[in-house]
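Me: Could you take a close look at one part of this protein for me, the disulfide and the nonpolar core, and then place that part in the rest of the chain? Keep it informal, I just want to know what is there.

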Amino acid sequence: MLAPIFDEAADTVAAQFPEAGQVVMGKVDCDREGSIATRFHISKYPTLKVFRNGQPTKREYRGQRSSEAFLSFIQKQLADPIKEFTDLKELTELDDKKRTVIGYFDRKDVPQYNVFRKVATGLKDDCQFFVGFGSVSAPMHPPGEPIVVFRADKARSNERDETFTGSLNAYDELSTWVTEKCVPLVREITFENAEELTEEGIPFLILFHKPEDNESVKKFNDVVRNELMSEKKSVNFLTADGVKFAHPLHHLGKGQNDLPLIAIDSFRHMYLFPDVNEMEVPGKLKSFLQDLYSGKLHREFHYGPEPVTDTPKETDAGIKKPTTPPESTFKKLAPSKNRYTLLRDEL
């Protein structure tokens with residue numbers, strides 16, 4: 001169904017951007033080219049991947065599937081990712097709910113700025129980028145020595161501005177640093193990115209909060225960064241607007257008046273952290289995750305609080321009835337069979 005639309009879009013894009021190599025639309029038969037499918041982790045058909053500077057971007061294309069939508073998407077991809085400021089006062093008026101990278105340069109026609117722009121192109125979905133030239137940025141850097149600074153999302157972090165100390169001539173070095181800053185350890189889950197997050201296939205540790213509650217978000221970020229870095233390959237750390245995601249709260253038997261709260265979604269069941277006020281108690285959240293890995297959370301839902309010495313047996317008082325933890329709600333936001341052929345279902 002997509003093939004003729006994709007071909008039409010390719011003709012439209014080629015007419016709009018005739019410069020050779022500026023935009024390329026291609027397609028791969030993954031039955032014939034199995035090594036390519038494996039290399040790029042194709043788990044469903046059709047998959048639409050975006051490449052910039054020869055590298056696949058973190059996010060796949062998941063927008064509307066029409067020739068017009070493809071063209072609009074590409075036009076946005078080619079837009080300049082960096083906004084130029086003409087007065088330092090403008091930097092005090094930036095949206096402090098976004099992560100920001102700021103470059104201070106003498107001139108635009110220097111190799112370091114080309115590297116900066118290339119990095120910005122690849123990460124513009126994760127950070128906002130600003131730059132100043134000449135006398136505008138002169139007070140912020142030594143003559144002939146451009147600098148790049150990262151400014152954290154003030155709504156989610158208490159970190160101060162941090163200056164890049166590596167070489168601005170080295171793309172890989174700057175790209176790695178900016179990626180670490182712009183792709184946060186704790187991400188916000190939305191209905192727009194839920195599918196890609198569920199595809200990563202690891203459990204969620206989620207802070208549900210009220211939209212205006214920035215303090216709980218900051219505390220959660222601090223705890224994750226200070227205590228849970230070792231778990232980042234085993235679990236996704238997320239925050240969620242508890243008003244928008246009221247359905248998972250309902251499954252947990254909670255409502256907006258119970259916010260903030262923390263829960264694990266294992267993609268089978270959901271488990272509630274007993275007391276959100278204890279998330280800053282050293283070791284509490286890590287212990288909660290360890291109880292998930294060991295199966296303790298699941299056992300306690302069935303048989304009550306541990307320690308349990310033996311499997312429950314029939315006694316004179318009868319058999320203790322097991323209970324069932326709430327089912328996962330986020331697994332329902334995973335890729336849909338109505339939109340994709342899911343390869344894992346065919347294995």
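Reply: Here is a walk through the disulfide and the core, followed by the other parts of the chain. Keep in mind that this is a predicted model.

Start with the overall frame. The protein has 10 helices and 14 strands, and its C-alpha atoms fill a box of roughly 85 × 50 × 35 Å along the principal axes. Of its 347 residues, 41% are buried. If you take the contacts with a separation of 6 or more, 71% of them are between residues 24 or more positions apart.

Now the disulfide. The count comes to one, and the pair is Cys127 and Cys182, with their sulfur atoms 2.0 Å apart. The torsion about the S-S bond of Cys127 and Cys182 is about -100°, so this disulfide is left-handed. The pair links distant parts of the chain, 55 residues apart: Cys127 sits in the loop between helix 4 and strand 6, while Cys182 is in helix 5. Are these two cysteines buried or exposed? Cys127 has a relative accessible area of 6%, so it is buried, the cut-off being under 20%. Cys182 comes out at 0%, so it counts as buried too. Another cysteine, Cys30, is at 15% relative accessibility and therefore also counts as buried.

On to the core. In general, nonpolar side chains in soluble globular proteins tend to be buried together. Here the largest nonpolar core has 23 residues, and those with the most contacts inside it are Val101, Phe116, Phe129, Leu174 and Val178. Strand 5 (100–105), helix 4, strand 6 (128–133), strand 7 (147–151) and helix 5 (171–182) each supply at least two residues of this core. Helix 4 gives the most, with six residues. Some of these elements already came up with the disulfide: Cys182 is in helix 5, and the loop holding Cys127 runs between helix 4 and strand 6.

Phe116 is a handy residue to centre your view on. Leaving out residues up to four places away in sequence, Phe116 touches Ile82, Val101, Ile102, Gly103, Phe105, Phe129, Phe130, Val131, Val148 and Leu174. Apart from this core lies another one, of 21 residues, among them Val186, Val217, Leu285 and Leu297.

Helix 4 (111–123) also turns up in the lining of the second largest pocket, so let's go there next. That pocket has a volume of about 1400 Å³. It is lined by 35 residues, of which Phe6, Met25, Gly26, Leu48 and Lys49 are the closest to its centre. Besides helix 4, the elements that give two or more residues to this lining are helix 1 (2–16), helix 2 (34–39), strand 2 (51–52) and helix 3 (67–78). Helix 3 gives the most, with five residues. By type, the lining divides into 21 nonpolar, seven polar and seven charged residues.

Backbone geometry has a few things to check as well. As a general rule, most residues other than glycine have a negative phi, and most peptide bonds are trans. The peptide bond from Tyr45 to Pro46 is cis, with omega near -10°, and Pro46 lies in the loop between strand 1 (44–45) and strand 2. Another cis bond runs from Leu259 to Pro260, with omega near 0°; Pro260 is in the loop between helix 8 and strand 12 (261–265). Then there is Phe267, a residue other than glycine with a positive phi, near 75°. Phe267 lies in the loop between strand 12 and strand 13 (270–272), and with a relative accessible area of 17% it is buried.

Helix 8 (residues 246–251) holds a proline of its own, Pro248. At 4% relative accessibility, Pro248 counts as buried. Setting aside neighbours within four places in sequence, Pro248 is in contact with Phe208, Met270, Thr329 and Phe330. The C-alpha atoms of Pro248 and Met270 are separated by 8.6 Å, with their positions 22 residues apart along the chain.

One last stop is Glu196, a charged residue in helix 6 (residues 194–199). Glu196 has a relative accessible area of 14%, so it is buried. Leaving aside neighbours within four places in sequence, Glu196 is in contact with Lys58, Arg59 and Arg62.

Technical notes:
Residues numbered from 1 in each chain as written. Predicted model: local features only at pLDDT ≥ 70, side-chain atom pairs only at ≥ 80, totals over all residues. Heavy atoms only, no water. 1 Å grid on protein atoms, 1.4 Å probe; cavity = no way out; pocket = protein on both sides within 12 Å on 5 of 7 lines; lining within 4 Å. Points joined across faces, edges and corners; volume = space filled by probe spheres on them. Helix = DSSP H or I, 4+ residues; strand = E, 2+ residues; numbered from the N terminus. Core = buried A, V, L, I, M, F, W, Y, C linked by side-chain atoms within 4.5 Å. Buried < 20%, exposed > 50% of the residue type's maximum accessible area, 1.4 Å probe, protein only. Contact = heavy atoms within 4.5 Å. Disulfide = S-S within 2.5 Å.
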